[in-house]
Amino acid sequence: GQTCISGACVAQLKDYAKVELVDIEKDASIMHTIELPDDVHASLMIHQKKLAKERSRVRNEQIGRNDQIEEDFVHPSILQLLMHSGNKSTQIAQMRNLCVFFIAMTSNGNAVNWLQEVQGVLDSRRCPILQIIDDDKGVHVIAALNLHESVPEAATVSLDICRDLVGKKVGCAIGLALGSTFCGVTGSHEIACRWDITGPPPVRAARLMQYALAEDLEVAIDQSIYDSTPFSSRMELHDDSVELKGSQCPVAVFKLSKNNVFVASMIMESMMLAPVHTRTVDQICSFLSGPKEKGAILITGPPLSGKKSVFQQAAGLARGVPVLHTSDVGGGHLQLAHTMATWYSSFSDPDIRELAQAIKEDMERQRWSRAHDETVTLTKLVIKKGFRSYFVIDRCQYLDDFSMSLVRECIGGKKKTACRMTEGSFLSGSASNITEENHEEGEVV
């Protein structure tokens, strides 16, 4: 970890560096510290910037790159890859699991106004538009979710996008498919280039859009979406044997369900195999079955280590239903309260149902503080009436401030840590013993 410099460097640095001669024959010294005067340091930084600019100019001339063209048409995340390589942008490619949208305009209105509405919905869900086509076949938009950044539960988010577009009644026919897609830069470096996609999912989405137009459907969904999301109740089968161009055999086509209540889809369901942590499951189950009226359990660990599966098993053994909330960095205020209010708005108890619906109305009108306080009241009401609910917060690092405050209020406001499962102990299936402490308000485990 030390810096070894030659005698020539020592002579250049003069009194700026503190060195220690370690090899007389090789004239090598160890440099311990270096302190440059402000004017020398400023000159050095200017020289480095000029050198970097000149190297970039020479490299671009050699490989035919145009920085201005690329910045106008290529996403910044792709430019980051190009900055650290001497390759042409056409040599940078990826295989990504994309949800591809083909959206056709069916409205007779102005195409620009229609596009603004569609783009507003797509932007709200971080779904970038790849192409806008206006030709003799009509106006079409091609978009892809998960293109530049990873979007959690992309298949589920894609259904939300479809429902938002349909709900706005913008006038569209949508084809939706999911799968591994080839992504890369196409076009000229001197005129225009773009980050484009190709592969089976874009082709399938285009064919489904054509099918939706022919069948007068608003949304035609591929089997790949149905198989990739636990929220299958949001879809219903339209036809199980459709002949699509490019498909070797008939395919099933789904459409959005007419039912607007998706409470059952909020129940956590394992879609993949996960490690089994028997001892941890037993400890959590014991805590859930205990006398505490409210509390929190913190489970940490690397991806795919079985964190959600552990709680799902424990909740089942404790005769409870785990409700999944997935936090999103762009989810806005009171994400957790929205999940809780949606769940309780379908309860049989009229008082709980009425208060939950009032919370949803407050959030729609952006009355965040009132919705926060009413959610705390709702939690107390649920406990008072003898109901037990388990909410599993996934990606809690993305919780907004209002939701974090809500968690603190629901468990009593003070953090009483009895047990924390660290990454190492969780992987090994062991955890420290849960201590039984009498906390009046709540307990964090």
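**Notebook: ring pairs and a small set of strands**

I began with Y390 in this predicted model and noted that Y390 counts as buried, since its relative accessibility is 7%, and buried here means under 20%. F311, which I looked up next, is buried as well, with a relative accessible area of 10%.

I then counted the aromatic pairs and arrived at 5 of them. One of these joins F311 and Y390 in an edge-to-face arrangement, with 6.1 Å from centre to centre and 85° between the planes. I noted where the two partners sit: F311 belongs to helix α10 (residues 307-317) and Y390 to strand β14 (residues 390-394), so that the pair links distant parts of the chain, 79 residues apart.

Another pair I looked up is that of Y344 and F347, which is also edge-to-face, at 5.0 Å centre to centre and with 75° between the planes. Both Y344 and F347 are buried, and ring pairs connect them with F387 and F391 into a cluster.

From the rings I turned to a sheet, where I found 3 strands in the order β1-β3-β2, forming an open sheet with antiparallel pairing. The edge strands are β1 (3-6) and β2 (17-23), each of which pairs on one side only. Leaving direction aside, I recorded that neighbouring strands of this sheet are turned against each other by 40° on average.

Last, I followed β1 to its partner β3 (residues 28-34), with which it pairs in the antiparallel sense over 4 bridges, and I noted that T3 stands opposite M31 in β3.

Technical notes:
Residues numbered from 1 in each chain as written. Predicted model: local features only at pLDDT ≥ 70, side-chain atom pairs only at ≥ 80, totals over all residues. Heavy atoms only, no water. Phe/Tyr/Trp six-rings, centres within 6.5 Å; stacked < 30°, edge-to-face > 60°. Helix = DSSP H or I, 4+ residues; strand = E, 2+ residues; numbered from the N terminus. Buried < 20%, exposed > 50% of the residue type's maximum accessible area, 1.4 Å probe, protein only. Pairing = 2+ DSSP bridges. Axes fitted to C-alpha atoms, helices over the stretch in contact; angles between N-to-C directions.
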